[in-house]
Amino acid sequence: MILREPKVGFIGFGEVAYHFSRGLKEDGIQEIFAYDKNAKEISKGEIVRTRARAAGVEMVPGLRQLVGKSDVVISAVWGSTALKVAGQCASFVRAGQIYCDINNTAPSVKSQGAEMLKAQGAKYVDLALFVTPERDRHRSFMLASGDGARPLKRVMAPYGMTPEVVPGGAGRATTIKTLANIYYKGIQALCLEVALSAWKVGIDPDLLSSLVIKPVEALPKEEEMAFWIIRGIVHAERKAAELESIIRAVKEWGITPIMLEATRKRLKTASDYGLKGLMKGDSRKGNDRALLKSIGRAPKKED
């Protein structure tokens, strides 16, 4: 059981591990270790070694040594290798040790990793980091789930690392991040399509900035998503039809309307359910859930 002054070990010493280490050192963690397979290479290794010296982190030669020295292990590798690393660490962990996976990977990978490590008595934490850690470092906004989430928060809170614990097992935090990323990545691509189209017709994209928030600027933040869901379902038929002329214009400007075509297809699919009559009153809260539930119960439509 970890009572105080935890020793922290990072697997992979890239941006996340570097910034976390600097913050943890400043907030009182005395012993921080790291293992990075690139540490011995000439070019990549020099970057790793320089960062480790700057953060006051001790590099170790292998996973066995890293796990053996650490109370809290944080895996910060490429998502494609996260499960392999978890499996390797399962051979070295001890009962009560906390293993955190902060990698960008599928929720199922986190669940599988948890099974392997929990079988050896370790506590597993699915950590989902939502921002780049350069500014807030280990204090950055994170969600945590799994049987090790609360123990991790209890141990690390005195040093400023306080992820928000969400109910559910390993994979739950990453599932929430995955859902949020549908929006983040989608809005990035949509803004790019808008900006390219504006540039093509000689409109400064900055002139559009204030216009895109007009429909929701008066709403509380927690109601914005419900607003768009309801309008997307209830007015789907009309909006899908309106998109035809918008798509035609964008094509005439020489831009391939990738996001617009996808939006039209999604709205057309939503309109096929004919759910407009289910709306009751003007309330947004609850209506969005009722509409989504109706779609979930209806016969499957082709996307």
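Helices, in the sense used here, are DSSP runs of at least four residues, numbered from the N terminus. In this predicted model, one such run is helix H7, which spans residues 172-200 and contains Tyr183.

**Overall build**

The chain holds eleven helices and eight strands, and its C-alpha atoms fill a box of roughly 65 × 45 × 35 Å when taken along the principal axes. Of its 303 residues, 41% count as buried. Among the contacts in the chain with a separation of 6 or more, 67% are accounted for by residues 24 or more positions apart. The chain exposes about 17,500 Å², and carbon and sulfur atoms supply 55% of that area.

**The sheet and the helices across it**

The eight strands form an open sheet with mixed pairing, in the order S3-S2-S1-S4-S5-S6-S7-S8. Its edges are strand S3 (58-59) and strand S8 (164-165), each of which pairs on one side only. Strands of a sheet pair through backbone hydrogen bonds, either parallel or antiparallel. Both senses are found around strand S7 (residues 142-145): S7 pairs with S8 in the parallel sense over two bridges, whereas S6 and S7 pair in the antiparallel sense over four bridges. Individual bridge partners can be named on either side of S7, with Leu143 facing Glu164 of S8 as its partner and Leu127 having Ala144 of S7 as its partner. The side chains of S7 alternate, in that Met142 and Ala144 point one way while Leu143 and Ser145 point the other way, and all of them are buried.

Helix H1 (residues 15-26) lies across strand S1 (8-11), strand S2 (32-35), strand S6 (123-129) and S7, and runs at about 165 degrees to S1. Helix H5 (residues 107-118) lies across strand S5 (98-101) and S6, with an angle of about 155 degrees to S6.

**Three residues and their exposure**

The table sets out the relative accessible area of three residues, which are then taken up in turn.

| Residue | Relative accessible area | Class |
|---|---|---|
| Tyr18 | 14% | buried |
| Arg137 | 16% | buried |
| Tyr183 | 55% | exposed |

Tyr18 is found in helix H1, and at 14% relative accessibility it counts as buried because the cut-off for that class is under 20%. Leaving aside residues up to four places away in sequence, Tyr18 touches Phe13, Arg51, Ala54 and Ala55. Tyr18 and Gly56 are 38 residues apart in sequence, and their C-alpha atoms are 9.9 Å apart in space.

Arg137 lies in the loop between S6 and S7, and its 16% relative accessibility is likewise under 20%, so Arg137 counts as buried. Most residues other than glycine have a negative phi. The phi of Arg137, by contrast, is near 55 degrees, a positive value in a residue other than glycine.

Tyr183 of helix H7 has a relative accessible area of 55%, and it is therefore classed as exposed, since that class begins over 50%. Tyr183 also takes part in a nonpolar surface patch of about 440 Å², which is made by Tyr183, Tyr184, Ile187, Leu190 and Val194. Residues in such patches need over 30% relative accessible area, a condition that the 55% of Tyr183 satisfies.

Terms used. Residues are numbered from 1 along each chain as its sequence is written. This is a predicted model: local features need pLDDT of at least 70, side-chain atom pairs count only at pLDDT 80 or more; totals for chains, interfaces and linings use all residues. Side-chain values use heavy atoms; hydrogens and water are left out. Patches are made of residues with over 30% relative accessible area and no salt bridge: like charges are joined within 9 Å, nonpolar side chains (Val, Leu, Ile, Met, Phe, Trp, Tyr) within 5 Å. Accessible areas come from the Shrake-Rupley method with a 1.4 Å probe; for residues, only the protein chains shown count as cover. A salt bridge is a side-chain nitrogen of Lys or Arg within 4 Å of a carboxyl oxygen of Asp or Glu. Buried means under 20% relative accessible area, exposed over 50%, partly exposed in between (1.4 Å probe, protein chains only). Two strands pair if DSSP finds at least two bridges between them. Contact means heavy atoms within 4.5 Å. Axes are lines fitted to C-alpha atoms, for helices over the stretch in contact, and angles run from 0 to 180 degrees between N-to-C directions.
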